[in-house]
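Dear colleague,

Please find the structure below for your records. My notes on its findings follow.

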Amino acid sequence: MTSSHQIEFTAGLFLLLGIAALVFLALHATDGGALKGGGYRVVAEFSNVGGLKTRANVSLGGVRVGSVESIDLDPQTFSARVVMVIGDRYHNLPEDTSASVLTSGILGDQYIGLEPGGAPDMLKEGDKIMITQSALVLEQLISRFLFNSGGEQKK
Amino acid sequence: MTMPSSLGGRLLAEPIREFGRAGIFLVTAFARMRFGPLQLGEILRQVYFVGARSLVIIVICGFFVGLVLTLQTHDTLTRFGAGDSVSTVLALSLFRELAPVLTAILFAGRAGTSITAEIGLMKATEQLDALDLMAIDPMERIVQPRLLAGVLAVPALVMVFNVTALLGGVFFSVYLMGSDPIVFWSKMQASVELGKDFMGGLLKSAVFGFLVSWLAVYFGWSAKPTSEGVALATTQTVITSAIAVLLMDFVLSAFML
């Protein structure tokens, strides 16, 4: 009977090892670990978010402070409504912080870069970032450049 | 129903009949499903035999798969200046595809064959008939614990495979190539989705575990009660498991993406 008990014990140990491995991977190798530790949500409206995706980084001065939770189209203003979660550690962002859609590198992902303002009040849960800058769309950039330079030649 | 007489027809009909027999076998096994403390103990014993005793091969293979995968992606990605993405490639390919598929195939070779040979020999030495005579249902006593043990053991093995493969990747990337460990882990965390990538792989591994143990038990059960028959059944287990796992992998991946 002892050997049978030993076998069952080893089997249980093996299954526990599997579960431990699962928990370790879920917390340390996936985005599941980011769920722990709360954050607060702020909203920003952009006229164009380019290729921004949910779960994209939100960073300030190159440091990741949060992530994009959802991107929707506002049915009234037809602008893109981006909800982002910012970690509770960064609770002291000024109210007039501005947000812009940026690209990391030439082929890199798009992210939201925050630029702190100087207001004494802080951003709170549900607040809206008023100053935003949309993503640069290459075609618009080129056409603006072409039309502007054309205008200068006429003068 | 009359069987087709042409050679091509027979070649085609035989695998289909085999598939049908395996299906009937499975339905019978589930129809006689009964749970009790005795059954639970037997399942645990089988988890030990097919799972815990496969750990060594899984750990060794996992480590080297992680190592070689990182070696190859590191070499290619640094050429494009994307060396930071090594961990992303490693984790995604492991969690989604490599760990479930390789573990399932290793499991078929390590545990599936032993299940088939065990049941085939039980049949050849008339142990199954002896159980029947003692009014013990061999389906309940032999088949079901092995089926369920596979479903439990393979996901656990896949998780161990994942961890050791990641360790292999860390070893190569951080210790040999001098990448930054923080970048390594944070890139991975930022790009691997818990629900889709990780849990998808977990679901896959449970399906594969079921598939392999089903085939192993079936081929043992239906083996001709001779030494040749058992040998043939063992071979069939490995071949059919590998095909079934790869085919099912494609189907599941297509549904998940």
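In this predicted model, helix α3 (residues 55-79) of chain B and helix α4 (residues 86-124) of chain B have axes that come within 10 Å and cross at roughly 145 degrees. The crossing of α3(B) past α4(B) is right-handed. On the α3(B) side, the contact includes B:Ile57, B:Cys61, B:Val65 and B:Leu69; on the α4(B) side, the residues include B:Val89, B:Leu98, B:Leu102 and B:Arg110. By character, the residues of this contact comprise 12 nonpolar, 6 polar and 1 charged.

Both helices also contribute to the largest nonpolar core, giving two or more residues each. That core has 73 residues, of which B:Val47, B:Leu157, B:Val212 and B:Val217 touch the most other members. Chain A takes part through α1 (2-28), which likewise gives two or more residues. The most, 19 residues, comes from α6(B). Beyond its neighbours within four places in sequence, B:Val217 is in contact with B:Ile115, B:Ile119, B:Val143, B:Arg146 and B:Leu147. A second, separate core of 20 residues includes A:Leu52, A:Leu93, A:Ala99 and A:Leu123.

Turning to the two chains, their contact draws 21 residues from chain A and 26 residues from chain B. On the chain A side, 12 of these residues are nonpolar, 7 polar and 2 charged.

Finally, the domain assignment divides chain A into domain 1 (2-31) and domain 2 (37-136). The centres of these two domains, taken over C-alpha atoms, are separated by 41 Å.

With kind regards

Terms used: Residues numbered from 1 in each chain as written. Chains lettered and ligands numbered in written order. Predicted model: local features only at pLDDT ≥ 70, side-chain atom pairs only at ≥ 80, totals over all residues. Contact = placed C-beta atoms within 7 Å. Nonpolar A, V, L, I, M, F, W, Y, C, P; charged D, E, K, R; others polar. Axes fitted to C-alpha atoms, helices over the stretch in contact; angles between N-to-C directions. Helix = DSSP H or I, 4+ residues; strand = E, 2+ residues; numbered from the N terminus. Left-handed = near helix turned anticlockwise from the far one by under 90°. Domains from an automatic or database assignment. Core = buried A, V, L, I, M, F, W, Y, C linked by C-beta atoms within 7 Å. Buried ≥ 20, exposed ≤ 12 C-beta atoms within 10 Å, placed from the backbone.
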